[in-house]
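Trainee: I am new to this structure and would be grateful for a close look at one part of it. Could you please take me through the strand and the loops around it, residue by residue?

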Amino acid sequence: MRGAIIIDIDRCKGCCLCMEACPFDLLEPAPHKVNRKGYTYVRQNEWEKCTGCASCAIVCPDGCISVYHKKEH
């Protein structure tokens with residue numbers, strides 16, 4: 001099983017708490033990009049390394065992150 005996350009970039013305020021919580025350092029601020037509200041949002045790098053631990057989603061104060069598990073083939 002691998003993990004996958006979806007970040008609702010329009011709701012993300014760029015607080016970066018999810019970045020601190022990720023044990024694999026898979027999240028980063030989107031360089032030179034802002035959402036509709038003017039915030040620099042967070043994005044995932046290295047998709048294939050996510051385990052779906054949900055640490056990022058648990059600490060997100062705005063509930064912007066959904067975590068999924070998918071089977072590897």
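Mentor: A definition is needed at the outset: a residue counts as buried under 20% relative accessible area, as exposed over 50%, and as partly exposed in between. The model before you is a predicted one. With a relative accessible area of 23%, Gly-14 is therefore partly exposed. Gly-14 belongs to the loop that runs between β1 (2-7) and α1 (17-21). Although 27 residues separate Gly-14 from Tyr-41 in sequence, their C-alpha atoms are 4.7 Å apart in space.

Let us turn next to strand β3, which spans residues 42-44 and includes Gln-44. The relative accessible area of Gln-44 is 7%, so this residue is classed as buried. Apart from its neighbours within four places in sequence, Gln-44 makes contact with Ile-5, Ile-7, Leu-26, Leu-27 and Cys-50.

The loops on either side of β3 also deserve attention. His-32 is found in the loop between β2 (27-29) and β3. Its relative accessible area reaches 85%, and His-32 is therefore exposed, in contrast to Gln-44 at 7%. The backbone here also merits a remark. Most residues other than glycine have a negative phi. His-32, which is not a glycine, nevertheless has a positive phi of about 60 degrees. Ala-54 offers a further case: this residue, also other than glycine, has a positive phi near 75 degrees. Ala-54 is located in the loop between β3 and α2 (55-59).

How values were computed. Residues numbered from 1 in each chain as written. Predicted model: local features only at pLDDT ≥ 70, side-chain atom pairs only at ≥ 80, totals over all residues. Heavy atoms only, no water. Helix = DSSP H or I, 4+ residues; strand = E, 2+ residues; numbered from the N terminus. Buried < 20%, exposed > 50% of the residue type's maximum accessible area, 1.4 Å probe, protein only. Contact = heavy atoms within 4.5 Å.
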